[in-house]
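I opened the model to look up its nonpolar cores, its surface patch and its aromatic pairs. My notes follow.

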Amino acid sequence: MNSKLATLLKYELKAHSTVNALKHTTGKGKGGLIGALIGKTILYILLAGIIFTISMFISWIDKDAVAVPIMTTVAISAITLIFTLLKTNGYMFAFKEYDMLMALPFSVKTIASAKFLYMYVFNLGTTLVVMIPAIVACFIFSNLTVFGAVIWFMLSLLVPMIPMVVATALGSLITGAGGKFKYKRVVQIVLTIIFIILCFFSRFFFEWLFKTVGVDAIGMNISSFMIETANYYLPAYWLQQAISGSFGYIFLFIVVSVGLFELYFIIISRFYRQINTRLKVKAFHKEFKMSKQKTRSVVGAVVNNEFLRFKGSNNYLINTGIGIVLIVVLTIASLFFDMDTVVKLFAPGAPVDKTVMLSALPFIIYFFIGMAPTTPISYSLEGKSVWIVRSLPIDGWNLIKGKMIFNYILYTPVGVLATLILGFKFGGNVIEVILFLILMLVLCGFSTVFGELLGIRFARFDWDNELEVIKRGAANGIYIVSNIFLSLIAATLGIVSFIFGVSTVVFCIGAFVLFGVITLILFMAVKKAARKL
């Protein structure tokens, strides 16, 4: 690594490091950073424990532990591919300090490479949390040698490189292609969402692979199945062979990983300025004409401002809108397919049908609707210009109320429509569907106020890139993890209650009362916190 690239990378790490921010932050903001750091540590510990347990189990079955390095490599590659694609447009292109960096004596390749390597370092934490427990488990419980463990660890550092290059190249194509169109933002968003949906439904490819290889064969010989899987993703096979002592595959893995990195940045450096220029330049196709001016109430103006911010940021729109897209796709699919077939498709072999899942349906829909609301991040997105908002004659409660209303308006109609259609498709009667709709209204309110309370508590305004709030913000991270567990627990309770004879009507009334009370308590807490802003 040359000195200029090292300097830029050091700048990126210092500018965005949570640990560095913790060093120089005092007061309320420090508590939020500590909370985020503790939350991330807990998640890493849980993930490491799960990986260790799975790897230990596989090592007992197969003392050669062929399956584990392939499994971990495929998992890390898939996660890295999706998350890097989502971050490419914010980190690689049209970032806030673009003009400043381009004016400095750095080559285009150096600037682009530094941005990429920052994302690589960020992804490396997750990679090592997955790989190290797997290595330890295989070393203890299988025939993994010291040499194999060392090679595995060293090559683990390069595992994210290939999927990151692929994701960044795809992101560059989407960004570059979208920049040529008049409505470039819409084109970029549509292309990104299409790719995410394809990744989401790629599980059916693996299902086909299971059927092709045979479930019995998989059960009897996990290693053979993983080698079969590695035939579709060669880097996983190269890593497994390298651990076995093949110097040729060690060399091949390193050369391909580093070579793809160099090749991509040689190519992208020729188009980097053009892509960023397209993203920054706004074309005007007609003369400006003064139209009738509209007046709004304070809260109405805040709601409108939230809408403009929502549609004006690709990263914000995609990250908070992907849940809506997925539930819309599922709802439309339900109009053309029998729901028993859909349930069997998503849970093949499971002893459940659509009737058993009826009580859990509102929480299944809510899992998508409440996946990533705007409220945990909308307040922090005010950024360093928050002083402008605070200097205006706007009461803190009106500001927060406007943000919550926008979130509720955005998600509730989709949740209600999906509940109405899927409620009848799952065999619910009129009374049950009406209760589902009421419960969905309450759940959307819960999601709104819970997210807003976290957004106020862990507000962060000192960001340089909006992705630091959208992707890495403490409020958003805590909300997503909490809400996933809550949705899964509630849906499971719905299924269990139905199995034990509790009617759907009784379960929904109980859930409505419980979440209604919790939502009211959270609402009062938000109102109290907003008065102090």
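I count a contact when heavy atoms lie within 4.5 Å. The model is predicted, so I keep that in mind throughout.

**Entry: contacts of Phe-363**

I looked up Phe-363 with that cut-off. Leaving out residues up to four places away in sequence, I find that Phe-363 touches Leu-439, Leu-443, Ser-487, Ala-490, Ala-491, Phe-507, Ala-511 and Phe-515.

**Entry: nonpolar cores**

Which residues have the most contacts inside the largest nonpolar core? I get Ile-327, Phe-363, Ile-365, Ile-369, Ile-400 and Val-526. That core has 64 residues. Its largest share, 12 residues, comes from helix H23, residues 430–457. I also found another core lying apart from it, with 31 residues. Met-102, Phe-106, Leu-117 and Phe-265 are among them.

**Entry: surface patch**

Next I turned to the surface. I noted a nonpolar patch of about 870 Å². Its makers include Leu-420, Phe-424, Val-430, Ile-434 and Ile-509. Which helix gives the most to the patch? It is H26, with 5 residues. Helix H22 (396–425), H23 and helix H26 (504–531) each supply at least two patch residues. I checked Phe-424, which sits in helix H22. Its relative accessibility is 43%, so I log Phe-424 as partly exposed.

**Entry: aromatic pairs**

How many aromatic pairs are there? I count 17. I picked out Phe-52 and Phe-141. Their ring centres are 6.3 Å apart and their planes stand at 70 degrees; planes over 60 degrees apart count as edge-to-face, so this pair does. Phe-52 lies in helix H3 (residues 28–61) and Phe-141 in helix H6 (residues 108–141), so the pair ties together parts 89 residues apart in sequence. Are the two rings' residues buried or partly exposed? Phe-52 is partly exposed at 27% relative accessibility. Phe-141 is partly exposed too, at 22%.

I then took Trp-397 and Phe-523. The ring centres are 5.6 Å apart and the planes are at 80 degrees, so I call this pair edge-to-face. Trp-397 is in helix H22 and Phe-523 in helix H26, 126 residues apart, and the pair links these distant parts of the chain. Trp-397 has a relative accessible area of 7%, so it is buried. Phe-523 has 30%, so it is partly exposed.

**Entry: ring cluster**

Last, I returned to Phe-363. Ring pairs link Phe-363, Phe-446, Phe-450, Tyr-479, Phe-507 and Phe-515 into a cluster. Phe-507 and Phe-515 also appear on my contact list for Phe-363.

Conventions:
Residues are numbered from 1 along each chain as its sequence is written. This is a predicted model: local features need pLDDT of at least 70, side-chain atom pairs count only at pLDDT 80 or more; totals for chains, interfaces and linings use all residues. Side-chain values use heavy atoms; hydrogens and water are left out. A nonpolar core is a set of buried Ala, Val, Leu, Ile, Met, Phe, Trp, Tyr and Cys residues joined through side-chain atoms within 4.5 Å. Buried means under 20% relative accessible area, exposed over 50%, partly exposed in between (1.4 Å probe, protein chains only). Helices (H or I, at least four residues) and strands (E, at least two) are DSSP runs, numbered from the N terminus. Patches are made of residues with over 30% relative accessible area and no salt bridge: like charges are joined within 9 Å, nonpolar side chains (Val, Leu, Ile, Met, Phe, Trp, Tyr) within 5 Å. Accessible areas come from the Shrake-Rupley method with a 1.4 Å probe; for residues, only the protein chains shown count as cover. A salt bridge is a side-chain nitrogen of Lys or Arg within 4 Å of a carboxyl oxygen of Asp or Glu. Rings of Phe, Tyr and Trp (its six-membered ring) pair if their centres lie within 6.5 Å; planes under 30 degrees apart count as stacked, over 60 as edge-to-face and the rest as tilted.
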